[in-house]
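Me: Please take one part of this model and go through it closely. I'm after the charged side-chain pairs and what sits beside them. Keep it brisk.

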Amino acid sequence: MRLSARVDYALRAAAELAAATESPVTSEQLARAQEIPGKFLEHILNQLRRAGLVRSQRGPVGGYWLARPPEEISLADIIRAVDGPLLGVRGERPEHVDYTGAARPLQEVWIALRASERSILESVTLGHVVEGRLPAAVQQLTEDERAWITVGQSR
């Protein structure tokens, strides 16, 4: 799986908003805190606003804040808002991709991969990220991967 810079920036900005509980945060503050190019961030914040994930207010006390509690916004919500549906194959949903011959089972692999991706990204919320406490199943996957790397394997 490859995450675009737009997704990476959106997730980081959303985590900053989740951590800010006092008042709205300006795009300049978010850009500085996460070292995100300002113009790029403003476009991302507009996408998140249109998706109903953040709210904004103009003026001297303006800025951005989450539209819902951090525990109710999954990483998948943010990714879909800025990058579209999870795991596509050549821009198509995996169930709409047809293969023939020996490659036929690849469609099932892509469907399984999307299901796995969804199970992680939909179970992790901004609340988990800000608290530094990932769901047990996700934490176990990271420990399994670290163990795999430790024994000299690379995936």
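Reply: A salt bridge here is a side-chain nitrogen of Lys or Arg within 4 Å of a carboxyl oxygen of Asp or Glu. By that test, Arg133 and Glu131 form one, with N and O 2.6 Å apart. Note that the model is predicted.

Some context comes next. The protein chain has 155 residues, and 33% of them count as buried. It holds seven helices and two strands. Their order from the N terminus is α-α-α-β-β-α-α-α-α. Along the principal axes, the C-alpha atoms occupy a box of roughly 60 × 35 × 25 Å. Among contacts with a separation of 6 or more, 55% join residues 24 or more positions apart. The exposed surface of the chain is about 9800 Å², with 52% of it from carbon and sulfur atoms.

Now the charges. The chain carries 19 positive and 20 negative ones, and their mean positions lie 6 Å apart. Side chains of opposite charge can pair when their charged atoms come close. Across the whole structure, five salt bridges turn up. Three of them are covered here, including the Arg133 and Glu131 pair.

Start with the pair that spans the sequence. Glu122 bridges to Arg80, and the closest N and O atoms are 2.5 Å apart. Glu122 sits in the loop between helix H5 (106-121) and H6, while Arg80 belongs to helix H4, so this pair ties together parts that are 42 residues apart in sequence. Is either partner buried or exposed? Neither label applies: Glu122 is partly exposed, at 40% relative accessibility. Arg80 is partly exposed too, at 30%.

Glu122 has another link to the region before helix H4. Ser74 lies in the loop between strand S2 (63-66) and helix H4 (75-83). Setting aside neighbours within four places in sequence, Ser74 touches Leu121, Glu122, Val124 and Thr125. Ser74 counts as buried because its relative accessibility is 8%, and the cut-off for buried is under 20%.

Next, Asp77 and Arg68. Their closest N and O atoms are 3.3 Å apart, and they form a salt bridge. Asp77 is partly exposed, with a relative accessible area of 25%. Arg68 is partly exposed as well, at 29%.

Ile78 offers a contrast in cover. It is placed in helix H4. With a relative accessible area of 2%, Ile78 is buried. Neighbours within four places aside, its contacts are Ala10, Leu11, Ala14, Leu48, Leu53, Ile73 and Leu126. One of these, Leu11, is 67 residues away in sequence, yet the C-alpha atoms are 6.7 Å apart.

Back to Arg133 and Glu131. Arg133 is partly exposed at 48%. Glu131 is partly exposed at 46%. Beside them in sequence comes a nonpolar residue: Leu134, in the loop between helix H6 (126-131) and helix H7 (136-150). What does Leu134 help to make? With Val129 and Val130, Leu134 makes a nonpolar surface patch of about 190 Å². Leu134 can belong to this patch because membership needs over 30% relative accessible area, and Leu134 has 33%, which is partly exposed.

To sum up: the Glu122 and Arg80 bridge joins a loop to helix H4. Ser74 is in contact with Glu122, and buried Ile78 has its place in helix H4.

Definitions and conventions:
Residues numbered from 1 in each chain as written. Predicted model: local features only at pLDDT ≥ 70, side-chain atom pairs only at ≥ 80, totals over all residues. Heavy atoms only, no water. Patch = residues over 30% accessible without salt bridge, like charges linked within 9 Å, V, L, I, M, F, W, Y side chains within 5 Å. Areas by Shrake-Rupley, 256 points an atom, 1.4 Å probe, with all protein chains shown as cover. Helix = DSSP H or I, 4+ residues; strand = E, 2+ residues; numbered from the N terminus. Buried < 20%, exposed > 50% of the residue type's maximum accessible area, 1.4 Å probe, protein only. Contact = heavy atoms within 4.5 Å. Lys, Arg positive; Asp, Glu negative; His and termini not counted. Charge placed at Lys NZ, Arg CZ, Asp CG, Glu CD.
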